[in-house]
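Open the model in your viewer and show side chains as sticks. The stops below follow one another, each with something to select.

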Amino acid sequence: MGKFSFPRQYRLSDRESVRHAFKEFPFFERRVKLFVVSNCLEYNRYMVTFRRNFGTAVKRNRIRRCSREVLRHLHPLLKQGYDMVFLFTDPQIVITTNQNPLSVLLRKAHLFRD
């Protein structure tokens, strides 16, 4: 992939880490929940997932792609060393680069650098 790809090391994929993150209390925005847990790494790992019966595959894939793009741009601005799981609950959500619920949730969780 080119220089604009989302590196694989930033993807949260192992089952134990995901289960551990879901045990934490989430931060809420209207249509998204954010679960955050500290990891022992020098970088953040992210996962974008959906509740059951969430729209069509086309809708899920578009939200996943847009979310990764937003996270790729926000990654240098965030505190490092966390596992983050974004759980989308409503298919009517709109993700754009300027006003998006991901940055609102990250701000609520105090994950932006000072």
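## Stop one: the third helix

This is a predicted model. Select Asn100 and Leu102, at the start of H3: a side-chain oxygen of Asn100 comes to within 3.1 Å of the backbone nitrogen of Leu102. Now extend the selection to the whole of H3, residues 101-108. Its buried residues are Pro101, Leu102, Ser103, Leu105 and Leu106. To see what they pack against, add strand E1 (27-29), E2, helix H2 (57-74) and strand E4 (82-88). Just after H3, select His110, which has a positive phi of about 60 degrees.

## Stop two: the cores

Keep Leu106 of H3 selected and add Leu34, Met84, Phe86 and Phe88. These five touch the most other members of the largest nonpolar core, which has 25 residues. E2, E3, H2, E4 and H3 each give two or more residues to this core. H2 gives the most, with four residues.

Centre on Phe86 next. Setting aside neighbours within four places in sequence, Phe86 contacts Leu102, Leu105 and Leu106, and its other contacts include Val32, Leu34, Tyr46, Val48 and Leu71. Apart from the largest core lies another, of seven residues; to find this second core, select Ala21, Phe35, Val37 and Val85, which are among its members.

## Stop three: the strand pair

Val85 leads on to the pairing of E3 with E4. Switch to a cartoon and show these two strands: they pair in the parallel sense, over six bridges. For one of the bridges, select Met47, whose partner in E4 is Val85. Then follow the chain from E3 through H2 to E4; this β-α-β crossover is left-handed.

## Stop four: Asn44

Go back along the chain to the loop between strand E2 (32-38) and strand E3 (45-50), and select Asn44 there. Is Asn44 buried or exposed? Its relative accessibility is 0%, so Asn44 counts as buried.

Which polar partners does its side chain have? One is the side chain of Tyr46, in a polar contact at 3.3 Å. The side chain of Asn44 also reaches the backbone nitrogen of Gly81, at 2.9 Å. To complete the surroundings, show the residues in contact with Asn44 beyond its neighbours within four places in sequence: Tyr10, His75, Leu78, Lys79, Gln80, Gly81, Tyr82 and Met84. Met84 ties this stop to the second one, being also among the residues that touch the most other members of the largest nonpolar core.

Methods
Residues are numbered from 1 along each chain as its sequence is written. This is a predicted model: local features need pLDDT of at least 70, side-chain atom pairs count only at pLDDT 80 or more; totals for chains, interfaces and linings use all residues. Side-chain values use heavy atoms; hydrogens and water are left out. Buried means under 20% relative accessible area, exposed over 50%, partly exposed in between (1.4 Å probe, protein chains only). A polar contact is a pair of N or O atoms within 3.5 Å; within protein, one must be able to donate a hydrogen and the other to accept it, and residues adjacent in sequence count only if both atoms are side-chain atoms. Contact means heavy atoms within 4.5 Å. A nonpolar core is a set of buried Ala, Val, Leu, Ile, Met, Phe, Trp, Tyr and Cys residues joined through side-chain atoms within 4.5 Å. Two strands pair if DSSP finds at least two bridges between them. A crossover is right-handed if, with the strands pointing away from the viewer, the path from the first strand over the helix to the second runs clockwise.
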